[in-house]
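Subject: Structure handover

Hello,

Here is the structure I said I would pass on. My notes on what turned up in it follow below.

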Amino acid sequence: MERIQAGARVALRFTLSLADGTRVEGTAPGEAPWEVVVGRGDLPPGLDRCLVGLAVGERGRYFVAAADAYGERDEGAREILPRTDFPVDVDLIPGMAFSFTLPDGREAMGQVMAVTEGGVEVDFTHPLAGHDLVFEVDIVAIGGR
């Protein structure tokens, strides 16, 4: 029986929840499975490690500590950006999330923390940073490397 190894392409159904049971995301019933490549950075390292060794048809429920998921909160990851960096037609309110393109071309998520005359305070810490997670998986298929 084939087992998941680093580099394997995996199709899975999943639910990702906070440790308190709040559902964050996942595949809905009847929805196509989600595909990831284990160890490529599609998932945080702690979630990747949950998949290694599983076979098609296996299910699991795993607790992943914040440090092994999206890390701890980083209060130093806040920046004040000019209002002109945001769409003119959007009424900015604390809690809103935006995707930003970094100078190296990568995408980063940021959350509006405050809007003042001096600009928009944005927290670039991942929204799940600082949270312990529960990762439930159902392995649908394992592809090649």
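To start with one residue: F124 counts as partly exposed, at 23% relative accessibility. Please keep in mind throughout that this is a predicted model. The ring of F124 belongs to an aromatic cluster, which I describe after the overall layout.

Overall layout

The protein has nine strands and one helix. Read from the N terminus, the order of the elements is β-β-β-α-β-β-β-β-β-β. The C-alpha trace spans about 60 × 30 × 30 Å along its principal axes. Of the 145 residues, 34% count as buried. Among the contacts with a separation of 6 or more, 64% are between residues 24 or more positions apart. The exposed area of the protein is about 8600 Å², and 52% of it comes from carbon and sulfur atoms. As for charge, there are 13 positive and 24 negative charges, and their mean positions lie 8 Å apart.

The aromatic cluster

How many aromatic pairs does a search of the whole structure find? The search returns six. One of them is F86 with F100: the ring centres are 5.7 Å apart and the planes stand at 90°, so this pair is edge-to-face. F86 sits in the loop between strand 5 (78-81) and strand 6 (97-101), while F100 is in strand 6 itself, so the pair links distant parts of the chain, 14 residues apart. Both partners are covered: F86 counts as buried at 5% relative accessibility, and F100 counts as buried at 14%.

F100 has a further partner in F124. The centres of these two rings are 5.2 Å apart and the planes are at 65°, so this pair is edge-to-face as well. The angle needed for that label is over 60 degrees. F124 lies in the loop between strand 8 (119-123) and strand 9 (133-142), and F100 lies in strand 6, so the pair ties together parts that are 24 residues apart in sequence. F124 is partly exposed because its 23% is not under the 20% limit for buried. Taken together, ring pairs link F86, F98, F100 and F124 into a cluster.

The loop between strand 5 and strand 6 also holds V90. V90 is partly exposed, with a relative accessible area of 21%. Apart from its neighbours within four places in sequence, V90 is in contact with R83, M96 and F98. F98 is also one of the residues in the ring cluster.

Strand 8 and its partners

Strand 8 has four of its five residues buried, so it is largely enclosed by the rest of the structure. Strand 5 runs antiparallel to strand 8 and is joined to it by four bridges; within that pairing, E79 has V122 as its bridge partner. Strand 7 (residues 107-116) is also antiparallel to strand 8, with five bridges between them. Here the bridge partner of Q111 is D123. Strand 7 and strand 8 make a hairpin that has two residues between the strands.

Strands 1 and 9

Which strands are joined to strand 9 by bridges? Strand 1 (residues 9-18) is one, through nine bridges in the antiparallel sense, and L16 has F135 as its bridge partner there. Strand 4 (residues 59-64) is another, also antiparallel, through six bridges; F63 stands opposite V134 in this pairing. Strand 9 is mostly covered, with seven of its ten residues buried.

Strand 1 is likewise mostly covered, with seven of ten residues buried. Besides strand 9, strand 1 pairs with strand 3 (residues 34-37) in the antiparallel sense over four bridges, where V10 has V36 as its bridge partner. Strand 1 is also joined to strand 2 (residues 23-26) by three bridges, again antiparallel, and T15 stands opposite G26 in strand 2. Strand 1 and strand 2 form a hairpin with four residues between the strands, in which G21 takes a positive phi near 100°.

Regards

Note on methods: Residues are numbered from 1 along each chain as its sequence is written. This is a predicted model: local features need pLDDT of at least 70, side-chain atom pairs count only at pLDDT 80 or more; totals for chains, interfaces and linings use all residues. Side-chain values use heavy atoms; hydrogens and water are left out. Rings of Phe, Tyr and Trp (its six-membered ring) pair if their centres lie within 6.5 Å; planes under 30 degrees apart count as stacked, over 60 as edge-to-face and the rest as tilted. Buried means under 20% relative accessible area, exposed over 50%, partly exposed in between (1.4 Å probe, protein chains only). Two strands pair if DSSP finds at least two bridges between them. Contact means heavy atoms within 4.5 Å. Accessible areas come from the Shrake-Rupley method with a 1.4 Å probe; for residues, only the protein chains shown count as cover. Lys and Arg count as positive and Asp and Glu as negative; His and the chain ends are not counted. The place of a charge is taken as NZ of Lys, CZ of Arg, CG of Asp or CD of Glu.
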